[in-house]
Amino acid sequence: MFGVYFGKYLTDIGVLTPDTYSEIIEKCRNNRIEVGVLAVNEGMLIDAQANEVNFLQTMHDMKFGDIALSMNYLTEEQLEELLKKQGNGYLQFVQLLTDEGILTLDEIQEHLNNFRKNEKLTIAELDALKRADVDMVVSAYIKSANVSDLVKEYLCLLGRNLIRFVDNRVRFEACNITDSYTAKCMILQEMTGDTRILAGIADTGITVVAEEYCEEDFYEIDEDCLDAAGEFLNVTNGEFLTKLSANGTHMDLKLHGMYNTYTTIEAKDILILPCYLFGERMDIIVCEGGRWEIN
Amino acid sequence: MARVLIVDDSRTSRKILRKVFEELDCEICGEAKNGQEGYDLYKELQPDLVTMDITMPVLDGVSALKMIKTDFPEAKVLMVSAAGQQKNVLEAIKSGASEFISKPFNVEAVKQALNSILI
């Protein structure tokens, strides 16, 4: 996760070329070994246990290690050892920059300080990015907006699901608040009950969501492509409402709307959180309470 | 080989379910995009099992379930929904559903539900 943020910054200021950036990100993707594979290789889990944890991971919004701990398949010490072996994405990226002779450690530190200021991140938020703490990273990019805890919780879940189902190196950018938002393609779903939330996704990154979630190639944003991305949104929203209902907040899902021509949402305080999935931009849209119009 | 009717408005969801049931050696005898189509196809095909989404256009899944169970009390209906809130599960079971699974699902989850319904 860290590499796509810092690498993008280094590319923007001309330290990396776009090609070098892509190559380094690809190397980071290829070098990372799953915790389950490591655990089997180290003899800490047998295949059947790793498969069982993998299966449970597809149904629950939890990390492999946390599920394995809850099932007593791994101890805290074993998990810690595996995570050390798996390596830290931040260190891996820094190592590649120095190994390739692109930057020295001192230069990296200087750029890192400038990157933090440029992204308006606190030291704690930069540390969260280094350790790929999705909830804290999402929170950092929406901190300029005055959103409720409910919306924050929703966006964190959506962030985790983008990593789980679509791209484990998703990159967020600072959110903005507007009263009118227009996009050429958009999927929107309303959740109503104790409160009302309109949540959606828009722009070309929808294709990436559709392809990764449905495991099918889409060459244009057509009805099938929107259906696949819409199902991802539907599943995420359903999961959100299920979690809320366990805490006493009750809401229902409405049918999602799919728009493949220029569509505008008008409402007070629409939150737009841009993210990049395999380089394609997708806007996450959230309105809470109030009224909205879709034209 | 169990004959299965899939009722879901999402093409993607139908595709995922079809793949899962084929891995479990089931025959997909029909697919419907809403509760009304699902009810009509049930009457025509009388499958061993129906998977029924809840939120659908034209006629929702719980209404379709009630219609099927009224005319065919022995029907086996597996409710499938993204929203697995307790009240949805209870309403579906009260209306005659045999089992309820939440999306996202995979082969193991469907297999467990299938075994509990058909065996």
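Biologist: Taking two residues to be in contact if their C-beta atoms, placed from the backbone, lie within 7 Å, which helices do the buried residues of H7(A) pack against?

Modeller: This is a predicted model. In it, the buried residues of H7(A) pack against three helices of chain A: H1 (2-12), H2 (18-31) and H8 (105-118).

Biologist: And which residues of H7(A) are buried?

Modeller: In helix H7 of chain A, residues 89-99, the buried ones are Gly89(A), Phe93(A), Val94(A) and Leu97(A). Down the axis of H7(A) they fall within an arc of 135°, so they line one face of the helix.

Biologist: What sits on the face turned away from that buried side?

Modeller: Exposed residues Leu91(A) and Asp99(A) are carried there. Just after H7(A) comes Gly101(A), with a positive phi of about 70°.

Biologist: Switching to domains, how is chain A divided?

Modeller: The domain assignment gives domain 1 as 2-131 and domain 2 as 147-294. Their C-alpha centres lie 26 Å apart.

Biologist: How many residues of each are in contact?

Modeller: Five residues of domain 1 of chain A touch five of domain 2. On the domain 1 side, H1(A) gives the most, three residues. By class, that side has three nonpolar, two charged and no polar residues.

Biologist: Now the two chains: how many residues does each put into the contact?

Modeller: Chain A gives 19 residues and chain B gives 20. On the chain B side, helices H1 (11-23), H4 (86-94) and H5 (107-118) each give two or more residues, and H1(B) has the largest share, four residues.

Biologist: What classes make up the chain B side?

Modeller: It divides into 10 polar, five nonpolar and five charged residues.

Notes: Residues are numbered from 1 along each chain as its sequence is written. Chains are lettered from A and ligands numbered from 1 in the order in which they are written. This is a predicted model: local features need pLDDT of at least 70, side-chain atom pairs count only at pLDDT 80 or more; totals for chains, interfaces and linings use all residues. Ala, Val, Leu, Ile, Met, Phe, Trp, Tyr, Cys and Pro count as nonpolar, Asp, Glu, Lys and Arg as charged, and the others, Gly among them, as polar. A residue is buried if 20 or more other C-beta atoms lie within 10 Å of its own, exposed if 12 or fewer, and partly exposed in between; C-beta atoms are placed from the backbone. The arc is that of the directions from the helix axis to the C-beta atoms. Domain bounds come from an automatic or database domain assignment.
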